[in-house]
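Good morning, and thank you for coming. I would like to take a few minutes on charged pairs and cysteines, beginning with the display.

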Amino acid sequence: MRRVEELRRLRRLEEESGDPRLGEDLISRLPVDVLRGIITLLPTKDGASTQVLSRRWRPLWRSAPLNLEAWVNSETMGKDVATIHDTLRAHEGHVRRLSLIWRDGHDRRFPVVESILGAPELDRLQKFELFYDNVCSQNPPVPLSVLRMSAALRVLRIRSTRDGALQFPMETACMLDFPHLKALTLSNVNIMDSALHGLLSRCPVLESLVLVGNRWCRCLHISSLTLQSLGVSDGFSSVEGKLEKVTIVDAPLLERLIIPRDKWQDDFVVRVTQAPKLEALGYLSDGISRLEIGTMVVQKLVPVSLSNVVRTVKILAINTNFYPNVVIDFIKCFPCVEKLYVKVRYYAYFNNCLDLHLKMVEFINYQGNVEDLNFIRFFVLNALVLECMKLVTRRNKCDVKWIEEQHQKLQLYSGASRRITFDFQADYEGDSLVHMKHISDLTTNDPFDRSFCQDPV
């Protein structure tokens with residue numbers, strides 16, 4: 001709604017200015033297809049509100065591709081479903097995106113959901129997001145209507161609550177065919193190794209894959225000529241069926257490998273055989289028992305040998321409880337890193353050296369104690385081309401007085417580079433590492449950058 005109000009405000013300013021050039025409605029003069037594209041990118045309510053802007057805009061909403069966000073609650077199921085069907089029938093344009101939040105109570109009325117997904121208005125659906133909120137700990141199967149939409153889908157996201165995870169049967173995976181699917185996310189879904197690999201084999205143009213908190217896929221095997229971004233998170237510390245191994249055999253276009261979790265079991269293994277374009281890697285933790293990238297081998301963040309390094313990685317994120325000297329030794333395995341994200345809880349003073357590439361460091365859970373200051377001061381004095389340090393603190397806000405105190409503590413006058421800027425950011429939930437949507441967002445090359453945060457759908 002704020003977007004629409006801003007458009008109306010600009011129109012009033014143009015009309016009141018008296019300048020004929022400013023008073024002219026340049027946006028409304030754009031081609032109809034462009035205006036429809038603008039409406040399609042807006043949330044459902046904002047898109048519908050564009051009808052009040054002018055006569056030119058009034059008929060465009062009903063003919064523009066629909067971006068529909070819908071809710072189905074077990075307590076108001078009849079009314080919710082009727083509203084969705086009425087919206088679909090009343091809209092003249094095809095449905096581009098459907099985000100369906102399905103909250104189930106004490107029953108599983110799949111025919112209701114199937115009736116929505118089986119509507120003919122969804123034949124050209126390009127983006128489908130299903131969030132299943134099950135409060136009674138049942139494990140229903142993924143709706144079969146997803147099969148009918150699979151031929152046109154570009155983006156598919158299926159999420160469910162941990163207590164009531166959706167089941168992805170093997171027979172369903174064998175029936176699927178996604179010739180145009182570019183982004184796939186499965187979160188808290190029960191799916192066997194064979195079913196997942198069968199599903200991936202039917203996605204010939206897949207560019208982004210996100211797997212979060214799924215069960216019964218113990219070994220993930222990736223071989224894809226198109227995959228650019230891979231995010232894998234177990235989400236369980238001691239649950240049967242958790243992920244144990246990730247093997248990337250051949251991924252010539254893979255640029256990002258993301259493991260956004262705090263804790264992994266001790267026997268977790270990541271092996272990358274062929275990924276010549278890998279640029280972003282993290283959050284790596286000492287819980288990963290073995291990490292292999294090409295000929296480089298690391299065990300719990302400790303390099304087996306420094307003779308083999310990975311020069312393609314430019315963005316690195318680390319989550320560890322080890323001392324900073326261990327972190328620095330680990331960084332040596334990636335000599336061309338330009339942006340470094342570190343989440344460290346325990347520190348010790350150390351002395352070492354850095355290369356000439358590191359330009360940005362983000363420090364999460366900054367408290368301003370002596371250990372923190374020693375850690376930061378090391379980079380200030382030794383990172384010769386360092387430009388920015390982002391210090392994320394678990395505070396409600398960073399007021400001016402507190403920031404001034406931190407600047408004094410950091411002794412900025414001793415910096416090796418006068419261009420270094422310190423950016424203090426308040427984040428009360430500083431333990432969060434990376435949002436799963438950042439992994440599938442290929443418009444930015446840095447999935448760890450918090451400035452690109454998106455609201456979850």
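Let me start at D329, which is partly exposed with a relative accessible area of 29%. Please bear in mind that this model is predicted. The side chain of D329 meets that of K332 in a salt bridge, 3.8 Å from N to O. K332 is likewise partly exposed, at 33% relative accessible area.

How many salt bridges does the structure contain by this rule? The count comes to twelve. As general background, side chains of opposite charge can pair when their charged atoms come close.

Another of these pairs joins R36 and D33, with an N to O distance of 3.5 Å. The two residues are three apart in helix α3, which spans residues 32-41, so about one helical turn separates them. Their accessibilities are as follows: R36 is partly exposed, at 26%, whereas D33 is exposed, at 60%.

I turn next to K127 and E129. Their salt bridge has its closest N and O atoms 3.8 Å apart. Here K127 is partly exposed, with a relative accessible area of 21%, while E129 is buried, at 5%. Both residues belong to a network of salt bridges that also links E69, R97 and R157.

Finally, the cysteines. How many disulfides does a search of the whole structure find? The search returns zero. Among the cysteines, C336 is buried, at 16% relative accessible area, and C388 also counts as buried, at 16%.

Thank you; I would be glad to take comments.

How values were computed
Residues are numbered from 1 along each chain as its sequence is written. This is a predicted model: local features need pLDDT of at least 70, side-chain atom pairs count only at pLDDT 80 or more; totals for chains, interfaces and linings use all residues. Side-chain values use heavy atoms; hydrogens and water are left out. A disulfide is a pair of cysteine sulfur atoms within 2.5 Å. Buried means under 20% relative accessible area, exposed over 50%, partly exposed in between (1.4 Å probe, protein chains only). A salt bridge is a side-chain nitrogen of Lys or Arg within 4 Å of a carboxyl oxygen of Asp or Glu. Helices (H or I, at least four residues) and strands (E, at least two) are DSSP runs, numbered from the N terminus.
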